[in-house]
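Take a look at the model below before reading on. Keep it in view while you work through the report.

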Amino acid sequence: MKVAIIGSGIVGLTIAYTLSKENIDITIFEKERDSLSHGTGRNSGVIHSGIYYQPKTLRSTLCIRGSKLMKKFISENNLYINNCGKLLLPKTKKDIETLNLLYERSKEVGVETIKLNSFDEILKIEPNCNPLFNDALFIKETAIADPKEVSNKLIEILKKRGVIIKYDTKVDSISSNNTIIISNNKIHNFDLIINSAGLHADYLANKSNLKTRYTSLPFKGKYWKISFGDKNEIPNRLIYPVPNLDQPFLGVHTVYDKDGNFYLGPSSTPVFGREAYRPFRKFNFLEFCALSYKFILKIIFNENNLRNLAISEFKNLFLSSVMKSSNAYFRHKPVKIELSSKVGIRSQMFDKNSKKLFNDFVVIKQNNIIHILNAISPAWTSSFAMAEFICEKYTIKNRNNNESA
Ligand SMILES: Cc1cc2nc3c(=O)[nH]c(=O)nc-3n(C[C@H](O)[C@H](O)[C@H](O)COP(=O)(O)OP(=O)(O)OC[C@H]3O[C@@H](n4cnc5c(N)ncnc54)[C@H](O)[C@@H]3O)c2cc1C
């Protein structure tokens, strides 16, 4: 059996890792020179616990299982991990209701959390935070790892198993009838194609004439670099706001990396290019017009509260607003807050039927193609479980099923 995987981000790599345990001939096509140019190399590296997502959805089940599998892979390969846990701090009274709901949900889905009910309890868990209320939730299982290390180790293992990774090779189109890939004007035949092209997965799905109710609405995430006078003033736990469960984003939170850098982010603002990390770089006029048109209409009609979301997230691009967030998070005043070069773009889908940002992963089988759309956060955490799910449901067990999930 010959399998083509389009995209060598974490989703493509983990699918190849899972499939290559069987004796399958696998080729990965990657348009960039490396596997870290987009979502996988630009995320926060947080291994999420999975309690934010509606139980029984793909996002919930794959994140909970994926978190365990990601940690297992990290431990088996001696990679970096910081089991710091996550502290959810409410900023309003309404947040406390959501906090209680998340606490109940954590019990329902079997994720260990601790409900904190006094300032003393909160400060015992994280002495460097500055709680506004005496309620908080501590999620022990949340951890931080290094996405670059994980991808590099996967690539090393895949190469040993004989998987071919063709870098600098853009797939221009795929066909659902005869599963042909046209890459650099060459035609390749495969028994199965996996479209894990991240921000471009919907574009390739359109090329194969897949009709869906989803349209791409990418959101950019910027990070602010925070410096304290003394490194002992940096919080040891991740600190997060209580999320708005109606939106797919988690809110601006603290992030560490392996090298000791400390950030607040990411923001979630509409962006008019799938790879518009820097203004005017890789500018695509047609894409700019199409995305601006979609965003402007949705903002005018305030579909799924998008206008309010855009306004509140727009504020996170200004130092004054970030300082306000930092006051609610940090016991000690940072000596410097500066916009960092760290930036990522989410491959978010909008559901044209419900007129909402779609809040779950989307996996659709179209003849011999499996499309992975809406691989939004926590797809990095979920990736090993997503690979297992796809291989079991479509490739190995039900190869002739035309189902969608
Ligand atoms: C700012 C930000 C923070 C995040 N934080 C977290 C977090 O803390 N924890 C978490 O679990 N998740 C997080 N996520 C989500 C996570 O990063 C993504 O869900 C995940 O990386 C998606 O992986 P992917 O393989 O689908 O996409 P990608 O990593 O984008 O990989 C897709 C690959 O496909 C390639 N490609 C595209 N088109 C073609 C083509 N035509 N031909 C060949 N190759 C092609 C691209 O070059 C790319 O390398 C975050 C995302 C962002 C943007």
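This report covers the ligand shell, one helix, two sheets and some unusual backbone spots. The model is predicted.

**Around the ligand**

Start with the ligand. The shell around the ligand holds 42 residues, and Gly7, Gly9, Gly198, Gly344 and Ala379 come nearest. Which elements each supply at least two residues of this shell? They are helix H1 (10-19), strand S20 (336-346) and helix H10 (379-396). The shell is mixed in character: 16 of its residues are nonpolar, 20 are polar and six are charged.

**Helix H1**

H1 deserves a second look. Is this helix enclosed or open to the outside? Ten of its ten residues are buried, so the rest of the structure largely encloses H1. The buried residues of H1 include Ile10, Val11, Leu13, Ile15 and Leu19. Gly12, Thr14, Ala16, Tyr17 and Thr18 are buried too.

**A sheet of four strands**

Now turn to the strands. Strands of a sheet pair through backbone hydrogen bonds, and the pairing is either parallel or antiparallel. One open sheet has four strands in the order S6-S7-S5-S16, and its pairing is mixed. Strand S6 (113-116) and strand S16 (238-241) stand at the edges. Each has a single partner strand, so one side of each lacks a neighbour in the sheet. On average, neighbouring strands here are turned by 25 degrees against each other, direction ignored.

Follow the pairs across the sheet. S6 and strand S7 (residues 136-139) run antiparallel, joined by four bridges. Leu116 stands opposite Ala136 in S7. S5 and S7 also run antiparallel, with three bridges between them. Here Leu88 has Leu137 of S7 as its bridge partner. Then the direction changes: S5 and S16 run parallel, joined by four bridges. Lys86 stands opposite Leu238 in S16.

Which residues cover the two faces of strand S5 (residues 86-89)? Lys86 and Leu88 are on one side, Leu87 and Leu89 are on the other, and all are buried. This fits a general pattern. In a regular strand the side chains alternate between the two faces of the sheet.

**A sheet of three strands**

Another open sheet has three strands in the order S3-S8-S4, with antiparallel pairing. Strand S3 (46-47) and strand S4 (81-82) are at the edges, and each has a single partner strand, so one side of each is left without a neighbour in the sheet. S3 pairs with strand S8 (residues 143-145) over two bridges, in the antiparallel sense. Val46 stands opposite Ile144 in S8.

**Unusual backbone spots**

Most residues other than glycine have a negative phi, and most peptide bonds are trans. The table lists exceptions.

| Place | Feature | Angle |
|---|---|---|
| Gly265 to Pro266 | cis peptide bond | omega near -15 degrees |
| Ser377 to Pro378 | cis peptide bond | omega about 10 degrees |
| Asn209 | positive phi | about 65 degrees |
| Asn374 | positive phi | about 60 degrees |
| Asn302 | positive phi | near 50 degrees |

Where do these spots sit? Pro266 is in the loop between strand S18 (262-265) and strand S19 (269-270). Pro378 lies in the loop between strand S24 (369-373) and H10. Asn374 is also placed in the loop between S24 and H10. Asn209 belongs to the loop between helix H6 (201-207) and strand S14 (214-216). Asn302 follows H7.

Are the two loop asparagines buried or exposed? Asn209 is exposed, because it has 11 other C-beta atoms within 10 Å. Asn374 has 25 C-beta neighbours inside 10 Å, so it counts as buried.

**Arg274 and helix H7**

Arg274 sits in the loop between S19 and helix H7 (285-300). It is buried, with 20 other C-beta atoms within 10 Å. The cut-off for buried is 20 or more, so Arg274 qualifies. Which residues does Arg274 contact, leaving aside its neighbours within four places in sequence? They are Leu199, His200, Pro218, Glu287 and Ile345. The C-alpha atoms of Arg274 and Phe219 are separated by 8.6 Å, though the two residues are 55 apart along the chain.

Finish with the length of H7. At 1.5 Å a residue, its 16 residues should span 22 Å. The end C-alpha atoms of H7 are 22 Å apart, which agrees.

Definitions and conventions. Residues are numbered from 1 along each chain as its sequence is written. This is a predicted model: local features need pLDDT of at least 70, side-chain atom pairs count only at pLDDT 80 or more; totals for chains, interfaces and linings use all residues. A residue is near a molecule or strand if its C-beta atom, placed from the backbone, lies within 6 Å of it. Ala, Val, Leu, Ile, Met, Phe, Trp, Tyr, Cys and Pro count as nonpolar, Asp, Glu, Lys and Arg as charged, and the others, Gly among them, as polar. Two strands pair if DSSP finds at least two bridges between them. Axes are lines fitted to C-alpha atoms, for helices over the stretch in contact, and angles run from 0 to 180 degrees between N-to-C directions. A residue is buried if 20 or more other C-beta atoms lie within 10 Å of its own, exposed if 12 or fewer, and partly exposed in between; C-beta atoms are placed from the backbone. Two residues are in contact if their C-beta atoms, placed from the backbone, lie within 7 Å. The expected span of a helix is 1.5 Å times one less than its number of residues.
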